[in-house]
Amino acid sequence: MLNKIFAQVKKDFLILASYKLAFLSNFLGVLASILTYFFIDKLFGHRLSGHLTEFGVNYFSYVLLSMAFFGYIGVGVGSFSSRIRAEQMQGTLESLLLCPVRIETILAGMALWNFIFATLDVLFYIFLGSLLFGINFSGANLISVLTILIFTIVCFSSLGILSACFILVLKRGNPLSWLINTFEGVIGGVYFPVAVMPPLLQVVARILPITYAIRAMELAVYRGYNLCQLKNELLFLVIFSLLLLPTSILAFKFSLRKARRQGTLVQY
Amino acid sequence: MKNPVLQLDNVSKAFYPPLSFRDIISFNFKNKPPTQALDNVSFQLEEGKILGILGPNGAGKTTLLKIISTLILPDSGKVRVNSYEVNRDDDNIKRSLGLASSEERSFYWRLTGIQNLEFFAAMYGLNKNQARARIKELFETFHINYGRKRFDTYSAGMKRIFLIIRALLHNPRLLLLDEPSKSLDFENSQKIRDFIAQLSRQGKTILLATHNFTEATELSDSLLILYQGRNCAWGTMNELRHRFNRPQGSIADIYKDCTCNA
């Protein structure tokens, strides 16, 4: 199983490396995004400081971490559907499914490179944040950070697998991915803390897993909270993961079977 | 026939057209009449033999190959490969067969030929050394010396050969070839035919779907003519001549009889 996942990661790396400016343009994108939020902080940051006291940081530090972390969430939600669609359009999906490989292995292999790439992004965010802008990450509780990361990846990858089901069956139009990417970031506290929003939206935010993931990560990194102090946020992420992962794999198997029955695996 | 490598019993498959936007807004969710891609197709293929499948466009040849290779599920009937049943033992079936489709796009064009083959070999469960040895062996068999070039630089003939090589990576018992010489010039078509003949001499069981009568009769031990999803004729050339009462007839004559009378 690991060999097969590694083969997929190697293949994805080689494909990306064949595009000469792929890495550079990605890192320039990170730099541009950091600069944007740095200047937003200069303009409006002081107005948000009252809402950020529980995290103990200014707006720029808050948003830099949440943006970096949101990369993982975006990969979890988007990479399965985008990879399935890319394989359909390239014409390689059938040849992949012809191999005697468990569907879970294919799905893991499809997403792993994107997670590795997202990790490079996060490291770049942290490097720039600490070196150029003097943000202090030294108080982070690494065990809490890793635990939050694992459950966030499982939770949002499950949503991503569910979203890939739409691509397998409907080919285009992926309402789940659209909903998560468009609204979760805004409502879930990625670009500004949830406390800034009107009470009604704060209620909505409370049922979204992203709210708990972002909040837990901010507290683990900037306040050094341990697992016990983050139990509420973690409990929510664990419940979501346990419910979503088996559901999403079953739904994917069902969608794959439906596409095989309809003979539409290669249609896009 | 003793222990056939491939056995199909009354396999049928119909495709329903998708609902149009008009149907959806008028709440008309009734299924439209389906296209019958395969209609009660049955045949067997013995170890080491080549079965040529002939038929016009839309006769169901590709659907048949995809059903055998587990990519499409049949509506009814049974398919057994190596005595494993489709839809029950799919992983064992995938290990038992190799499909060389007519789709050149089924490779990663930004990778080299070797990188593509190493990737698929790993997906078939070969370790690094096994994969390298197998690729080397197949390159020697097919006289390939352009494996390190990027796949998108290959000619149509080279891509076809790679389709066959990929299907052989895990040394399957059954090889499914879908129009292997499609859109190739004479020289490359001949090369592919020589490869197929060579594989047959090595004992591979081959199912060859083609439009090319010469290719089918030259290479195949027996022939199957599909027309509108139905099995119109199946047997050796002599059996077909006898059945269609054409003692000196060519496959083209028998094909005409089949398709005109169907």
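Let's start with helix 1 of chain A, which runs over residues 2-17 and has 16 residues. From its first C-alpha to its last, helix 1 of chain A reaches 22 Å, close to the 22 Å expected at 1.5 Å a residue. Keep in mind as you look around that this is a predicted model.

**The two sides of helix 1 of chain A**

- The buried residues of this helix are A:Lys4, A:Ile5, A:Ala7, A:Gln8, A:Lys11 and A:Asp12.
- These buried residues sit on the same side of helix 1 of chain A, because they cover an arc of only 155° around the axis.
- On the face turned away from that buried side, you will find the exposed residues A:Leu2 and A:Ala17.
- The cover over the buried residues of helix 1 of chain A includes helix 5 (103-131) of chain A, together with helix 4 of chain B.

**Where chain B meets chain A**

- Here, 23 residues of chain B are in contact with 21 residues of chain A.
- On the chain B side, the elements that give two or more residues are helix 3 (90-96) and helix 4 (113-123) of chain B.
- Helix 4 of chain B provides the largest share of that side, with five residues.
- By type, the chain B side divides into twelve nonpolar, five polar and six charged residues.

**How confident is the prediction for chain A?**

- Chain A has a mean pLDDT of 87, and 99% of its residues reach 70 or more.
- Among the elements of chain A, helix 9 (residues 209-223) has the highest mean pLDDT, 92, while helix 7 (residues 175-187) has the lowest, 76.
- As a reading tip, predicted coordinates should not be read in detail where pLDDT is low.

How values were computed:
Residues are numbered from 1 along each chain as its sequence is written. Chains are lettered from A and ligands numbered from 1 in the order in which they are written. This is a predicted model: local features need pLDDT of at least 70, side-chain atom pairs count only at pLDDT 80 or more; totals for chains, interfaces and linings use all residues. pLDDT is the predictor's confidence in each residue, from 0 to 100. Helices (H or I, at least four residues) and strands (E, at least two) are DSSP runs, numbered from the N terminus. Two residues are in contact if their C-beta atoms, placed from the backbone, lie within 7 Å. Ala, Val, Leu, Ile, Met, Phe, Trp, Tyr, Cys and Pro count as nonpolar, Asp, Glu, Lys and Arg as charged, and the others, Gly among them, as polar. The expected span of a helix is 1.5 Å times one less than its number of residues. A residue is buried if 20 or more other C-beta atoms lie within 10 Å of its own, exposed if 12 or fewer, and partly exposed in between; C-beta atoms are placed from the backbone. The arc is that of the directions from the helix axis to the C-beta atoms.
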